Amino acid sequence: MSPSTLSIVTPVDSAVFATVHISSSEEVQAAVERAAEAQKAWKRVPLKQRIETGRRFLEVFGSRKDELAKELTMQMGRPLRYTPGEIKGTQDRGKYMVDVAEEALKDVEIHEAGLEGKFKRFIRKEPVGVVLIIAPWNYPYLSSLNGVLPSIIAGNSVILKHSSQTPLCAERFGQAWTEAGLPDGVFQFIHMSHADTESLVANPLVNYVNFTGSVEGGHQIQKAASKKFIATGLELGGKDPAYVRPDCDLKYTVETLVDGSFFNSGQCCCAIERIYVHADIYDEFVQEFVKETKPGTPYMAPQVLTEVTHKMRVMSEESFGPVIGIMKVSSDEEAIRLMNDSDFGLSASIWTKDPEAALTIGDQIETGTWFMNRCDYLDPALAWVGVKDSGRGCTLSKFGYDQVTRLKSFHLKLVTA
């Protein structure tokens, strides 16, 4: 029998921060039925009105920046100096998606010489129906907005299942949509078990699934969705490399790669995990990279875990927060394994041939202002797509609306004589 509540253990100090209700299988089924019914009316609401509802949602959400930032820090551990940036980034990204919605969703008219006045032909982008969004904890607002906002503006209903580490983010979206005037049932959040999530993916009332998470998780989602003919959008983990040329601006390059490697404690799907440095500048690069990370206490060594994750440091102006993966392990031995795992991105071999140099990377890394010199900045005007095992589908840009709509062609004869 599944537990009826979930305790959120904050990585800031390992205390229980909040408790949320876990829905039963019956409650999950009732929610998807409400979503399907609500979508029938919502899709008939004029596009301009749906767009304005989206704008009000962003205004309500942004008006709570300070409280949302603090709560986000407590849920997933990113220092408070950075979490307001995600709230603002969510607003900025959302504003762009709202601004391009009318252009992205308008009918595509087809004109052909000789047929004008005889036929009216156009292609309409209609909502797919019920969209299930499964969101991660590392950028909980930004990543979920990618699917939530365009889905609702396009005329779909949405069910958001957030990570067990950041379930309150789903609830805050729900509150903002309600205050924005969105009809009941068009947006719902559900905290549920993995088994119920898998069943919901396969539920015949769900018409599209957007998942952000691991490659393994993406395979599981795809397998569950394959029981019916629906599309999936999968935003999965990457192994992003950087190549440092001998003619680079070394200072700028090092600053950028340190930020790209360590921002959000390296917990980014597009964090720099491999650095290839030209032999001519290799030694100088390693020296500057180590200097940029402020040599000090070995990075997150088990004996300083408590100190590194102390609440007052993370909740003040600390630059570097705790690592969720380390907070969830059960022993010092496992923590050491995690630190040395090249998949985790902290192995000495990633940074330098010299292990001693790698061990000088300290625990107080000064990353730059959010989005400044970022290797992985996601411009909302550009399509965010996957390649190989990094995913499939598209979010962001005007093309992000294509994933949550289906094309319907109209060929109307205007002259009957």
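**View 1. Val131 and its bridge partner in the predicted model.** In this predicted model, Val131 pairs with Val158 of strand S6. The two strands involved are S5 (residues 130–134) and S6 (residues 157–161). They run parallel and are joined by 5 bridges. Strands of a sheet pair through backbone hydrogen bonds, either parallel or antiparallel.

**View 2. Helices on the sheet.** Helix H1 (residues 25–42) lies across S5, S6 and S7. Its direction is at about 155 degrees to S6. Helix H7 (residues 167–179) also packs on the sheet, where it touches S6 and S7. The angle between H7 and S7 is about 155 degrees.

**View 3. The open sheet and its edges.** The sheet has 6 strands in the order S7-S6-S5-S8-S9-S13. It is open, and the pairing is mixed. Strand S7 (187–189) and strand S13 (391–392) stand at the edges. Each has a single partner strand, so one side of each lacks a neighbour in the sheet.

**View 4. Helix H2 and its cover.** Helix H2 covers residues 47–62, 16 residues in total. At 1.5 Å a residue it should span 22 Å; the end C-alpha atoms are 23 Å apart, which agrees. Its buried residues include Arg50, Ile51, Phe57, Leu58 and Phe61. Among the elements covering the buried residues of H2 are H1, helix H3 (65–76), helix H4 (83–99), helix H6 (140–153) and H7.

**View 5. Two buried cysteines.** Cys169 has 1% relative accessibility and so counts as buried, the cut-off being under 20%. Cys394, at 11%, also counts as buried. With sulfur atoms required to lie within 2.5 Å, the count of disulfides is 0.

Terms used: Residues are numbered from 1 along each chain as its sequence is written. This is a predicted model: local features need pLDDT of at least 70, side-chain atom pairs count only at pLDDT 80 or more; totals for chains, interfaces and linings use all residues. Side-chain values use heavy atoms; hydrogens and water are left out. Two strands pair if DSSP finds at least two bridges between them. Helices (H or I, at least four residues) and strands (E, at least two) are DSSP runs, numbered from the N terminus. Contact means heavy atoms within 4.5 Å. Axes are lines fitted to C-alpha atoms, for helices over the stretch in contact, and angles run from 0 to 180 degrees between N-to-C directions. The expected span of a helix is 1.5 Å times one less than its number of residues. Buried means under 20% relative accessible area, exposed over 50%, partly exposed in between (1.4 Å probe, protein chains only).
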